[in-house]
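Please take a moment to look over the sequence and the fold shown here, and then follow the explanation from strands, to cysteines, to the surface.

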Amino acid sequence: MINWLVRLFRKAPVPIAIKWTIYIGTLITLVMGVLGWFLITQQTSFHMREVKGFGEVLVEQLAHSASEPMLADDQFNLQGLVSRQTQNEKVVGAAIVPSEKPWITSGSVPHQLPGSEELLPMIWSWRDEDNIRHPAITFFSTIKFRDVIAGHAMITLDRQFLDRNQQRTIGIIGYATFGLILIAGILSYVLSKRLSRPITLLAQAGQKPEAGLLVSPTETDRHDEIGQVYAHFDRMTAGLLEKRQVEDALSRYVSPVVAEKILSNLSQPRLANQEMEGSILFCDIVGFTRLSEDLPADEVASLLNLYLGAIANSAHRCRGVVDKFIGDSAMILFGVPEADKEHGQQAIRCAWLIQAMVRHINKKRRQSRKEPIMLRIGINSGTMLAGNIGIPDRLEYTVVGDTVNLASRLCGASPADGIMMSQTTAEFPGVAEMVELHKQPTLKIRGKKNLVTPYIAGTPSREFGQWLLRTMAYILNKQVR
């Protein structure tokens with residue numbers, strides 16, 4: 001049973017204090033149950049010996065007293081002997097059975113002698129006038145006179161009367177056993193709570209390691225194994241807290257995805273260079289240089305943070321990674337450093353979401369009689385080299401290549417409040433179903449030999465427009481909270 005409980009509690013989410021209580025309680029219950037069973041068995045055996053001894057004494061006395069009257073054939077004396085036996089409240093019947101004459105009986109006795117020569121006690125039952133059954137036990141003895149067997153004597157005892165004391169004793173033992181089990185269960189629960197308290201505190205501290213070790217000084221000053229565990233856990237908690245602080249600080253200066261990759265393998269913090277398929281988005285604030293000339297420095301910083309925050313939130317919702325902010329421009333990666341088969345579609349979603357967020361900000365600026373801000377966006381898809389750029393003491397994880405350069409040039413050529421993409425992005429699976437595509441005249445891009453055919457993103461599809469509204473509402477509600 002203990003093994004069954006162990007297998008059960010390994011799967012069930014039960015507190016360890018309850019498990020220990022059940023383990024200890026079950027063990028105590030088994031021990032007390034065995035002890036109670038042993039005491040009851042011993043009491044039953046002792047009771048049966050007492051009844052047997054009492055019955056044998058009575059029947060032997062009757063046999064001894066009846067020997068001379070039976071030899072003299074004194075029926076009156078024999079009848080008196082039998083009648084006097086039933087005056088005892090424990091005796092319900094008595095009889096003298098001569099060898100060749102009728103029985104002399106009083107009360108209830110069996111109708112025949114035992115078949116064996118040993119004359120063993122007979123357990124039977126008799127019915128009264130109301131047909132109620134009464135348990136009884138009859139003892140037998142031979143009547144001898146000078147080694148001559150003259151007959152037999154019978155004494156029937158009321159077994160229900162005799163068992164009443166036994167049942168009372170068994171009841172007392174049972175109640176005492178139950179009471180001890182109950183007291184032991186309560187004590188085992190208190191003991192289990194006491195023993196499991198250190199483990200419970202460690203589990204609570206493990207759920208919120210940033211809060212430190214949530215135990216009292218008396219617990220941490222223990223000099224046993226629990227105290228050693230507390231000390232190790234305290235050091236581990238401090239290390240986790242320090243790592244989280246480093247991760248948070250690092251995520252402010254590099255992409256959270258890149259920070260996570262670096263911290264996941266501190267023995268090799270340099271990420272491997274590799275060619276990856278992805279999309280890249282550049283967005284730039286139109287006329288920001290002119291605008292910043294007429295504003296104080298702190299207002300310029302606030303304005304930049306407002307727009308760049310909208311850009312970062314949009315990128316996050318579209319599985320994009322902000323590679324860097326370059327003044328009033330932002331560079332966003334899709335499919336890098338984590339591969340994404342929908343990187344082209346995600347880039348288009350992000351561009352439209354950025355424009356929607358900027359229009360929302362401009363609406364508030366117009367209400368405050370402030371000049372609105374417009375963005376131009378350029379997108380390109382293709383193969384790019386993702387890896388570490390810089391010197392060993394100062395590395396930057398970014399992407400380089402012709403795909404990146406073309407995206408930057410398309411951003412510069414895009415009209416204000418427009419989204420310009422390369423032909424590669426326009427032909428990306430699923431993009432044509434999201435937005436209307438307006439083919440533009442070919443452009444001569446600096447640094448490229450061949451002419452480039454760009455596309456301008458037009459009206460979004462109905463399904464894409466509904467997604468855009470839902471996502472924008474989610475971002476704005478989250479900002480309000």
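In this predicted model, strand β12, which covers residues 435–439, pairs with β13 in the antiparallel sense, and four bridges link the two. One residue of β12 can be followed across this pairing, since Val435 has Pro460 in β13 as its bridge partner. Strand β13, made of residues 455–460, also pairs with strand β11, residues 418–421, again in the antiparallel sense but over two bridges. Here Met421 is the residue that stands opposite Tyr455 of β13.

The cysteines come next. A disulfide is a covalent bond between the sulfur atoms of two cysteines. How many disulfides does a search of the whole structure find? The search finds zero, and two cysteines help to show why. The cut-off for a disulfide is a pair of sulfur atoms within 2.5 Å, whereas the sulfur of Cys283 lies 6.7 Å from its closest cysteine sulfur, that of Cys411, and is therefore too far away for a bond. For Cys350 the closest cysteine sulfur belongs to Cys318, and because the distance is 4.8 Å, this pair is also too far apart for a bond. Both cysteines count as buried, with a relative accessibility of 1% for Cys283 and of 0% for Cys350.

On the surface, by contrast, Ile18, Phe178, Leu182, Ile186, Tyr189 and Val190 form a nonpolar patch, and together they have about 580 Å² of accessible area. Helix α4, which runs over residues 159–207, gives the largest share of this patch, namely five residues, and Leu182 is one of the residues placed in that helix.

Key:
Residues are numbered from 1 along each chain as its sequence is written. This is a predicted model: local features need pLDDT of at least 70, side-chain atom pairs count only at pLDDT 80 or more; totals for chains, interfaces and linings use all residues. Side-chain values use heavy atoms; hydrogens and water are left out. Two strands pair if DSSP finds at least two bridges between them. Buried means under 20% relative accessible area, exposed over 50%, partly exposed in between (1.4 Å probe, protein chains only). Patches are made of residues with over 30% relative accessible area and no salt bridge: like charges are joined within 9 Å, nonpolar side chains (Val, Leu, Ile, Met, Phe, Trp, Tyr) within 5 Å. Accessible areas come from the Shrake-Rupley method with a 1.4 Å probe; for residues, only the protein chains shown count as cover. A salt bridge is a side-chain nitrogen of Lys or Arg within 4 Å of a carboxyl oxygen of Asp or Glu.
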